[in-house]
Structure formats: structure tokens, C-alpha cells
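Biologist: I should like to request a close look at a single part of this protein, set out for a first-year student. Please begin with the chain as a whole before turning to that part.

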Amino acid sequence: MSGTKPQTDVQREKQVREAEELLFTGPQKVGMGKGLFLGRFVADWIMPYPAIAQVERERLAGALSELRAFLDTNLNPSAIDRQADIPREVIDGLSRLGVFGMTAPKEFGGRGFSQMAYCKVMEEIGGRCASTAIFVNVQHSIGMRALLLFGTPEQKKTWLPDLVSGRKLAAFALTEPEAGSDAANVQTMATPSADGSHYILNGEKRYITSGALADVLTVMARTPIPGKNETAITAFLVTPKMPGFQVVEPRMEKVGIRGTATAKLAFRDMRVPKENILGAPGKGLKIALHILDFGRTTFGASCTGLAKTCLRLAVEHANKRRQFDKTLAEFELIKKKIARMAAGAYSLEAMTTVTASLIDRGMEDYMLETAMLKVFSTEAVWMLVNDAFQVYGGAAYFTDQPFERMLRDARINQIGEGANEVLTSFIALVGLRGPGRQFQELQEALHHPWGEWRKAWVLGLDRAGAAIRAPDVPVRSPQLRPYADRLSKLIRHFNMDVSRALFRYREEILERQYVQERLARAAMELFASACTLSRWYAELQSGQTQFGSNGVSHGAAELFLRGSFRRTRRSLSEMHENDDAAVTATADWVLQHGGRID
Ligand SMILES: Cc1cc2nc3c(=O)[nH]c(=O)nc-3n(C[C@H](O)[C@H](O)[C@H](O)COP(=O)(O)OP(=O)(O)OC[C@H]3O[C@@H](n4cnc5c(N)ncnc54)[C@H](O)[C@@H]3O)c2cc1C
């Protein structure tokens, strides 16, 4: 046997090295998501349930009431969908209301709100019109975010005031024909000029929201790494006035969020001054990942808004429509949907609030939580829209009702800003890294028992401790104690399955997506349960009832927790009993036979 490694191993090692470089620099504190994979409940990331500060709450109430009044009069989601355009008056109105600068600092004309407050605004817009919500998300959450986070003082002074005020529009251009889910495969090249004063960009971008409307685009392109024969991705600020900027197609025809303009762009020998580099050269992908943390949190807020709208409409219809001499609401199969929708809406709001608070608190690394929120909320809301659709029956199928539009619009959520499959795998692999490292170190220490016995002992104790001890979930209400105990036991159970998976698959876990999916699903349910429990606990402590002060009990929270615990157990039990071999065999056979089963 030759000493050279198989190509797949070499590729895998390269990918792991790149991912490590990209995602992890320096020692990391263990947050809620990573803690779950280590069998811990990092309570202070979740509890007490975050609340918007009193002074901000008053400002936010004012902002929301103005926004509602404007949207009631000026926003027509069905016309936006039909005409495939968001009217300029709507964009101007949102600009006047300061929506595009909600979280931007006041020195640039922003309103200086927290991410939690901004999420309330996005919930309001997302509950009405997905096109408008995505448009705002692109402008505020991803279009100008790189500038806000990584811009130099000069760049911020030059570009931000116009973007924050909405006088100018922004876009974020990462995706290309060969770089979709595989974002690192960007092919657009940025070659430095001989005198080093500028870069020459050549390449294509596709599916870029507001790409042909934007006055400023954050564009990801490949630049040479000085002294090496390699390239890395760098973020550039680009304007359409730069010679060589081409709009290939300004509005690609599409199924949903039709009000947004999704563009194909090309850059042909486009000269971009070196002053337009955003952040450090070669760190573009890291910048993109960080920006998407914000976009994904906003997805959670928009999905919460949509969930609440669906619930309200379904309840209205179920109480009104009569069949078999009863209202629909009297049938158990309709009650089941309504209750499920209420539970979903309650938990999505809790997850979004907690995740947004992590950004506000300046926590070190919340990419696991934002990814969990994105996948969980977009899948939950898809089911919720479907439930509302079903409650309306045939009526939902016609365009005078909003449901067919909502269904079309909601579909993008599972693909945009990271396809859910890719994020599911990401959640598992980022989560597994902590315990994986511990195992690796333990193994290495055990190979040198005399030199490193102390380390082996500590690591072994930590692993064994997590397996024996269920973590404390600090909920002190007798009413909620049973839920806290069940959550705590499930975290221990999850951690044991994490350990088993690492022992069984070792490095191969990188390729085992069935296993990754189960672990990621369990982690997402545990995170969702923790947020829901935290919210419920806070509301009990403050004497509040859910959905305002209408005397309703916390049925939705309880229902969510019961279902979520069951789903977690199911995901974990499938670690041991599953159809994986049959799934692979069937898929392989069908794939080899051109999709025929006859
Ligand atoms: C309406 C719309 C607006 C958009 N706006 C923007 C924008 O403003 N800026 C921007 O940069 N991009 C934008 N995008 C692009 C979007 O982010 C990509 O579509 C998305 O990342 C998926 O890439 P892809 O479409 O090339 O799918 P592909 O990468 O071809 O993937 C197709 C499917 O394969 C599966 N898949 C892929 N990789 C894996 C894997 N490793 N494991 C398991 N399954 C996998 C997933 O199910 C995925 O849905 C937009 C897209 C749309 C449709």
C-alpha cells in the first residue's frame, strides 16, 4: 500500500481546515447551543427571559404604532404580489419611518434600537407582506450590515447616512452559478491592478435581491493571498456606476416574494478602488457568515409575524364557517390545527426574542443559535401556513384570500440565506466540535497515560459527569418544575447520544448526514423548549398570561413543550432504530436507474 492518503481524505482534511479557519479563531466561550452538545444548560443565555428595556419599550411602542398606521393605509400585499413590485411610496414611507435604520447608530441617522426591538418591527411587516419583509431584511439586515460591522470610519461616513435613511438602496451579492450552498466556491475574481490602487472584478452573480435597484452592493470576490499561490474571498463595496457593472436580468420571474426584484448581474473588467474593500482582505466569507447571523434572526421575526397572522385568520374562519350544522371550530381536527398553530407561534416568538437578545448582549458567538432559529422557524411556519390553508378549505385556493400567496412566499424561507439541509448539517458539525475535541484530546492523553494522566482524568470526568448528571435548568416555579426536569433529562440523554455517535463514527461523522440531522433536530427542539420554558416562567413570575391579558392559561406553551419533548425523543430513538441503510440503497438504485421505479 502506498503511503499517500486517498483523495477524499485529503479533500476532507482541507475542508475541515478551511472551516476551522473560517469559523473558529481563538478560545470560544460555550453558549447555549454548544453547551447542549456538551450536556450543559448554559442558563444565562436563556434566562431570565430577555425583555426590552423600559425606555426603549416606550420608543418602540411609538414606532410600532406609526408603522401600523402607515401599513394599514399604504401596504397592499396582494397588489405587490400581482404587480411584482413594491411601490416607491411604500419604500419612501418606510424610509420616513426610519425602518431602514432601526438598529443603526444615531450618528449616521439611525434610530439606535436594539435587535430585539427591530425584530418586533420585522414581525409586524412579516405578518403582512413577505415581499416587503425580505426587501427590508436585505436593506437593513444584510445589505448595509457589513458596513456597520466592518466598515472603516471613512467608509461609514461616506456610505451609511444615505443607506440608513433609505435615500439609497443596498444589496448583498454572494451567490453565483457555481457558489450557491457551497458559498466558498465563489468564482468572481478581483485582480489587483499593477499600481495596487484598485481591483479588477470579473464574474457573475445571480439571485441577488434588489441587485438591479441597489445603489451600493456588498460583493464577494476572490483575491490573491500575497506570497501564496492561493486565493481567498474578500468583500467589496460596489456601485452600479462603476464601468463594467452589468445588469443581465433585473427581475427574474419567480414563484413567491414577487414584490422583490431578484437580479442576475455580471462584472466585466469592473474597476473597484482598493478603499472599497470591506474588512480585512481574504476575510469575506467570515464577514458573510457574520452578516447572515443578522438575516437569519430577522427570518425568525418575520416567521413569527406570519405565524400570528395565520393563527388569527384561521380562528376567525373556524368560528364563522358552519358545516354539518356546526362551526368548524367545534371539530376536533380543526381544534388540533388551531392549538398547534398557537403553540408554534408562541415558541417562535420566544426563540426569536432569545436569539435577538444574544446579539444585543454582544455575546461572542451565536451562529449556532441563529442557524437553529432559521431552520426551526422556517419549517414551523411552512406547516402553519399549510394548517391555516386547510382550515379555509377550497376558499384558500383562490386569489381573493391571502393563503396561496402566503404559501408561495413562505417557500423561499427554507432555501434563502442557507438551505435548511446545509444549515442542519452545519448545526450538528459545529455542535459536535466541542465534544469531538474532548474525545480527541482524551484519546491522545490516553496514549500517553504517564505524561498526561491529569488531563485524561479531567476530560474523562467531564465526559462521564455529563453522562451521569442531568444539568440544572433553573426554573423555581413548582408548576413548571416537571417541565424543567424533563428538559434537563433530555439534555443528558442527548449528550449520551452525541458521545455514542462520536465513538461510533469518529471522523466519518462528517459524511453521516442522517446522523447529523437527528442530532441537529434534537438540538433545535431542546433550544426551542428552553426558550419557550424561559418565556413561560417569566410570564408566570410577572403574573402575565399568554397573548395579552385575556385570561387564557399557558396552554400553548405547555402544548409546545409536550410536543417538542416527544419530537426530541423520537429523533434520538432513531439514532438506534432507523431505515438509513434502506434509504441509501433505494436512493442509490433510483439514482442509477434514471429515476424510474417500474
Ligand atoms: C428569491 C431568492 C432571493 C435570493 N437573494 C439572494 C441575495 O440577495 N444575495 C445572495 O447572495 N443570494 C441570494 N439568494 C441565493 C440563495 O441564498 C441560494 O439560493 C441558496 O443559498 C441555495 O443555493 P442554490 O440555490 O444554488 O442551491 P444549491 O446549492 O444548488 O442546492 C440545492 C439544494 O441541494 C441541497 N443541498 C445543497 N448542498 C447540500 C449539502 N451539503 N447537504 C445536503 N443537501 C444539500 C439543498 O436542499 C438545496 O436546497 C436568493 C435566492 C432566491 C431564490
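How many helices and strands does the secondary structure of the chain come to? And within that chain, which residues of helix α18 are buried, and what covers them?

Modeller: The model is a predicted one, and every value below is computed from it. The secondary structure of the chain comes to 19 helices and 10 strands. The chain has 598 residues, of which 53% count as buried. If one takes the contacts between residues at least 6 apart in sequence, 74% of them join residues at least 24 apart.

Let us now turn to helix α18, which covers residues 555–573. A simple check on its geometry comes first. The helix has 19 residues, and at 1.5 Å a residue it should span 27 Å. Its end C-alpha atoms are 27 Å apart, so the expected span and the model agree.

The next matter is which parts of this helix are hidden. The buried residues of α18 are A556, A557, F560, L561, G563, S564, F565, T568, S571 and L572. Their cover includes four other helices: α11 (332–360), α12 (367–392), α16 (481–505) and α17 (513–541).

One residue of α16 shows this arrangement in detail. Y483 is found in helix α16. It counts as buried because its relative accessibility is 11%, and the cut-off for buried is under 20%. When neighbours within four places in sequence are left aside, Y483 is in contact with L533, W536, E558, L561 and F565. Among these partners, L561 and F565 also appear in the list of buried residues of α18. Distance along the chain and distance in space can also be set side by side here. Y483 and S529 are 46 residues apart along the chain, and their C-alpha atoms are separated by 9.3 Å.

The covering helices also lead to some side chains with rings. R535 lies over the face of Y346, at 3.8 Å from the ring centre. Elsewhere in the chain, the charged end of R59 sits over the ring of F113, 4.1 Å from its centre.

Rings may also pair with one another, and the count of aromatic pairs comes to 9. One of them is formed by F324 and F331, an edge-to-face pair with 6.1 Å from centre to centre and 80° between the planes. F324 counts as exposed because its relative accessibility is 74%, whereas F331, at 24%, counts as partly exposed. F389 and Y397 have ring centres 6.2 Å apart and planes at 90°, so this pair is edge-to-face. Here F389 counts as buried, at 12% relative accessibility, while Y397 counts as exposed, at 63%.

A further buried residue belongs to helix α10, which covers residues 284–320: T304 is found there. T304 has a relative accessible area of 0% and is therefore buried. Apart from its neighbours within four places in sequence, T304 is in contact with E123, A345, L348, E349 and T352.

The loops hold some backbone features to set beside the helices. Most residues other than glycine have a negative phi, and most peptide bonds are trans. Against that background, a cis peptide bond joins M47 and P48, with omega about -5°. P48 has its place in the loop between α2 (32–37) and α3 (54–74). A84 is found in the loop between α4 (77–83) and α5 (88–96). Its phi is near 50°, a positive value in a residue other than glycine, and A84 counts as buried at 17% relative accessibility. S210 has a phi near 65°, also a positive value in a residue other than glycine. S210 lies in the loop between β3 (198–209) and β4 (216–224), and it counts as buried at 2% relative accessibility.

Finally, the surroundings of the ligand deserve mention. There are 18 residues around the ligand, and F172, T175, S181, Y207 and E421 come nearest. A polar backbone atom of F172 is 2.8 Å from a nitrogen atom of the ligand. For Y207, likewise, a polar backbone atom is 2.8 Å from a nitrogen atom of the ligand. An oxygen atom of the ligand lies 2.9 Å from a backbone N or O atom of L174.

Methods
Residues are numbered from 1 along each chain as its sequence is written. This is a predicted model: local features need pLDDT of at least 70, side-chain atom pairs count only at pLDDT 80 or more; totals for chains, interfaces and linings use all residues. Side-chain values use heavy atoms; hydrogens and water are left out. Helices (H or I, at least four residues) and strands (E, at least two) are DSSP runs, numbered from the N terminus. The expected span of a helix is 1.5 Å times one less than its number of residues. Buried means under 20% relative accessible area, exposed over 50%, partly exposed in between (1.4 Å probe, protein chains only). Contact means heavy atoms within 4.5 Å. Rings of Phe, Tyr and Trp (its six-membered ring) pair if their centres lie within 6.5 Å; planes under 30 degrees apart count as stacked, over 60 as edge-to-face and the rest as tilted. A charge sits over a ring if NZ of Lys or CZ of Arg is within 6 Å of the ring centre and within 35 degrees of the ring normal. A residue is near a molecule or strand if one of its heavy atoms lies within 4 Å of it. A polar contact is a pair of N or O atoms within 3.5 Å; within protein, one must be able to donate a hydrogen and the other to accept it, and residues adjacent in sequence count only if both atoms are side-chain atoms.
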